[in-house]
Amino acid sequence: MDLGAITKYSALHAKPNGLILQYGTAGFRTKAEHLDHVMFRMGLLAVLRSKQTKSTIGVMVTASHNPEEDNGVKLVDPLGEMLAPSWEEHATCLANAEEQDMQRVLIDISEKEAVNLQQDAFVVIGRDTRPSSEKLSQSVIDGVTVLGGQFHDYGLLTTPQLHYMVYCRNTGGRYGKATIEGYYQKLSKAFVELTKQALFSTAVEMKIKQSAEQLEDKKRKAAKMLENIIDLFNQAAGDAISDMLVIEAILALKGLTVQQWDALYTDLPNRQLKVQVADRRVISTTDAERQAVTPPGLQEAINDLVKKYKLSRAFVRPSGTEDVVRVYAEADSQESADHLAHEVSLAVFQLAGGIGERPQPGF
């Protein structure tokens, strides 16, 4: 590790005074003008993670649905999953380190995680269409190269596409080709395979069997059409496209129209609130974020409150980007949903370190 070179490059990506950020589910997110040093340091961290896992690691420059003036960054682990929790802590520590502490923090991470600094490293990088993203991606590249890592910059990608690229590279291509075309082919093939059963269960089954060659041709055309449709979205809705295709396949397999599907479920009256807390990390959840594990006593309090209302349920979860806890409640009437949400908010405020004004009734 060339600490001198790191210090020199780090000075070109200086950290603003007093800025403190927290790595969460969505990575880091804030105003783009404050992120240059974070991007450089996440390039460094990606190399260390790559060396430790002996795998390709992804870095995605995006703030998803945040306003255009924001930006963010998240790392992608070897199998396309989110960064390991222990490395989220390293990310936070490294991003917030003062310039004079950078060397010590990098050495601490390397020693704690037993990183073999002689190991090769490879990082893939993607970015969204924000005006700030290209420059910030270059800051990531600076961090990667100063630690001797190799990289491939995919340019404009959706976040799911970058996750796909990482997984493909770390499975030696067995999952698919680590290209945009490979991603489209993966979605298209999966859609065709899912809907194949529905095609053979229709009244024209005999005709389809007799025209197998025609069917295969139609599938190829359908796959190509899907690739073209996906291509029309300026790389901005990859996960939405996946969701759309899965829903279409399920409806075909179930023999349901969109109208019939919509009629299967009616939303109960509900209310969503948020509670400011000193540190959102005090909240941890399980069961798809439907049960609070910590702080102690919170889930029990929620359970007691839910019993007071008919057809009710309530969940809390920490925000991925700010120190707030999001509260969701539903019940048989809007009035009951509003009251339940307020009472759960008070429980969160009391048990999870609420700050500022206590939640007030009324919406």
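# Worked exercises on a predicted chain

Aspartate 287 sits in the loop between strand E7 (284-286) and E8. Helices are DSSP runs of H or I with at least four residues, strands are DSSP runs of E with at least two, and both are numbered from the N terminus. The model is predicted, so local features need pLDDT of at least 70 and side-chain atom pairs count only at pLDDT 80 or more, while totals for chains, interfaces and linings use all residues. Residues are numbered from 1 along each chain as its sequence is written, and side-chain values use heavy atoms, with hydrogens and water left out.

## Exercise 1. Backbone exceptions

Task: describe the phi angles of aspartate 287 and alanine 114, and the peptide bond between threonine 294 and proline 295.

Solution.
- Step 1. Recall the background: most residues other than glycine have a negative phi, and most peptide bonds are trans.
- Step 2. Take aspartate 287. Its phi is positive, about 55°, although the residue is not a glycine. Aspartate 287 is partly exposed because its relative accessibility is 40%. The cut-offs are these: buried is under 20% relative accessible area, exposed is over 50%, and partly exposed lies in between (1.4 Å probe, protein chains only).
- Step 3. Take alanine 114. It is not a glycine, yet its phi is also positive, about 55°. Its loop runs between H4 and strand E4 (122-127). At 66% relative accessible area, alanine 114 is exposed.
- Step 4. Turn to the peptide bond. Threonine 294 and proline 295 are joined in cis, with omega about 0°. Proline 295 lies in the loop between strand E8 (291-294) and helix H12 (298-306).

## Exercise 2. Glutamine 291

Task: place glutamine 291 and list its contacts beyond four places in sequence.

Solution.
- Step 1. Find the element. Glutamine 291 belongs to strand E8.
- Step 2. Check accessibility. The value is 32%, so glutamine 291 is partly exposed.
- Step 3. List the contacts, where contact means heavy atoms within 4.5 Å. Setting aside neighbours within four places, glutamine 291 touches Ser284, Thr285, Thr286 and Gln299.
- Step 4. Look along the chain. Asparagine 303 is twelve residues away, and the two C-alpha atoms are 9.7 Å apart.

## Exercise 3. Helix H1 against helix H4

Task: give the crossing angle of H1 and H4, and name the contact residues.

Solution.
- Step 1. Two packed helices are described by the angle between their axes and the distance between the axes. Axes are lines fitted to C-alpha atoms, for helices over the stretch in contact, and angles run from 0 to 180 degrees between N-to-C directions.
- Step 2. The axes of H1 (residues 3-12) and H4 (residues 102-112) come within 10 Å and cross at roughly 125°. H1 is therefore oblique to H4. The classes are: under 35 degrees roughly parallel, over 145 roughly antiparallel, 65 to 115 roughly perpendicular, and the rest oblique.
- Step 3. The crossing of H1 past H4 is right-handed. In a right-handed crossing the near helix is turned clockwise from the far one by less than a right angle; anticlockwise makes it left-handed.
- Step 4. H1 contributes Leu3, Ile6, Thr7 and Ser10, and H4 contributes Met102, Gln103, Leu106 and Ile107.
- Step 5. Sort the residues of this H1 and H4 contact: five are nonpolar, three polar and none charged. Nonpolar covers Ala, Val, Leu, Ile, Met, Phe, Trp, Tyr, Cys and Pro; charged covers Asp, Glu, Lys and Arg; the others, Gly among them, are polar.

## Exercise 4. Helix H2 and two of its residues

Task: describe how H2 packs on H3, then compare the surroundings of arginine 49 and serine 50.

Solution.
- Step 1. H2 and H3 (residues 85-96) pack at about 145°, with axes 9 Å apart. H2 passes H3 in a right-handed crossing.
- Step 2. Among the contact residues are Leu45, Leu48 and Arg49 of H2, and Trp87, His90 and Ala91 of H3. The classes in the H2 and H3 contact are eight nonpolar, four polar and two charged.
- Step 3. Arginine 49 lies in H2 (residues 36-53). Its relative accessible area is 10%, so arginine 49 is buried. Not counting residues up to four places away, it touches Ile57, Asp77, Leu83, Ala84 and Trp87.
- Step 4. Serine 50 is also in H2. Serine 50 is buried, at 1% relative accessible area. Beyond four places in sequence, its contacts are Ser55, Ile57, Asp120, Ala121 and Phe122.

## Exercise 5. Cysteines and the whole chain

Task: state how many disulfides are counted, and give the buried share of the chain.

Solution.
- Step 1. Apply the rule: a disulfide is a pair of cysteine sulfur atoms within 2.5 Å. The count is zero.
- Step 2. Check two cysteines. Cysteine 93 is partly exposed at 42% relative accessibility, whereas cysteine 168 is buried at 1%.
- Step 3. Step back. The chain has 13 helices and ten strands. Of its 363 residues, 46% count as buried.
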